[in-house]
Amino acid sequence: MNSTAQEIRAVFEQYDHMMLTAHVSPDGDAIGSILGLYGWLAGQGKKVIAVIDDDIDDKFLFLPHADQICHPDAVHVDPSWLTVVLDATDLGRIGRVAGLIPGKVLNIDHHISNAHFADWEYVLPSYAATGEILTALFQEWQAHIDPAMADSLYMAIATDCGFFKFSNTTGHTLRMAAQLVDAGARPNIISEHLEAQPLVKLRALSEVLRHIELFGDNTVAGLAFSPELLKYTGEHTGTYIDYIRTIQGVDVAFTVKYVREAETRVSLRSKTVDVNAIAGVFGGGGHVRAAGCTIARPLQDAKNMVVKEILKAL
Ligand code: AMP
Ligand code: MN
Ligand code: MN
């Protein structure tokens, strides 16, 4: 059950040492939420470590403190440390950081599939981003948001709602974003950094688009990232799903990505279908219109399993 905003503030006041983390394959919300909270806690004189069990896409490195997010091997903590899990539904989503947790855990998240695992939680599935929750908390606490925090939190919100285009965008989302702009966030600079891509990445797009597959009377679009295709794209393939979800008539878009021989990473997006439920069939989750899972099967098998579930749901 959720604590109140004031109880959450009291938890932050109670601890001097905090380890902040977020889900593996970190997206803009995971990184932006960590950095926004990091900025505020550091400003309060707290000792803060940010850790993610994954590499961070270069495009996020323009944000202040982004270079300080470390890997689990570099972290040494003891039970006096609070662990803050951001933008993640359960400990399975934070990889090897789960093995470092020395004491109490606070979870701030917005996924409908949240497992309610923490000692204190603040889970609001109607919010578009964890960054939106943090901004509302700072507002409620009358905490000062400096321009660096504002950039990070704006980036968190904007990336999770497709820059205010997805169905999770509400009046509240826009009000929180507006407040961040008033506090110094720079929408144009953030967009420029996130959109900028090396020429090889743009060239890879033409190769990726040749691999689009359609199913279910062209209402389902899929992309399979085989090891061969990953040679063109590199590991960070998260944005390609946004191209195929725009195909006219497509309701569900999905990608399957080779991780290793019997491990496939799946992403799902939809206009009407509940993809959280589809991901849930395979032990994953997320949101009604954006979800993911990992299937312990080879790429082709996993693809067939996902397509079958999507066609059932249509
Ligand atoms: P992705 O396709 O990886 O961008 O994920 C879409 C949404 O679903 C994001 O909000 C993720 O945090 C969430 N998500 C992805 N995989 C999982 C999982 N295995 N369990 C719970 N949520 C997930
Ligand atoms: Mn996320
Ligand atoms: Mn999120």
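Let's start at H23, a buried residue with a relative accessible area of 4%. The model you are looking at is predicted, and H23 makes a good entry point to its metal site. There, the manganese ion (ligand 2) is coordinated by H23 through NE2, by D27 through OD atoms and by D87 through OD, at 2.1 to 2.6 Å. D27 is partly exposed, with a relative accessible area of 28%. Along the chain, the donors of this ion follow the spacing H-x3-D-x59-D.

A second manganese ion, ligand 3, sits 3.5 Å from ligand 2. D87 links the pair, since D87 coordinates both ions.

Now turn to ligand 1. Its shell holds 15 residues, and the closest are H111, R265, S267, R269 and H287. By character, the shell divides into 3 nonpolar, 9 polar and 3 charged residues. Domain 1 (5-194) and domain 2 (199-313) both contribute to this shell, so ligand 1 lies between them.

Which strands each supply at least two residues of the shell? They are β9 (263-270), β10 (285-286) and β11 (290-295). Of the contributors, β11 gives the most, with 4 residues.

Finally, look at individual atoms. The side chain of H111 places an N or O atom 2.7 Å from an oxygen atom of ligand 1. The backbone takes part too: a polar backbone atom of G285 is 3.3 Å from a nitrogen atom of the ligand, and a backbone N or O atom of G292 also lies 3.3 Å from a nitrogen atom of ligand 1. Taken on its own, ligand 1 has 480 Å² of accessible area, and the protein covers 87% of that.

Conventions:
Residues numbered from 1 in each chain as written. Chains lettered and ligands numbered in written order. Predicted model: local features only at pLDDT ≥ 70, side-chain atom pairs only at ≥ 80, totals over all residues. Heavy atoms only, no water. Near = heavy atom within 4 Å. Polar contact = N/O pair within 3.5 Å; in protein donor to acceptor, adjacent residues only side chain to side chain. Areas by Shrake-Rupley, 256 points an atom, 1.4 Å probe, with all protein chains shown as cover. Nonpolar A, V, L, I, M, F, W, Y, C, P; charged D, E, K, R; others polar. Domains from an automatic or database assignment. Donors = N, O, S within 2.8 Å, 3.2 Å for Na, K, Ca; no water. Buried < 20%, exposed > 50% of the residue type's maximum accessible area, 1.4 Å probe, protein only.
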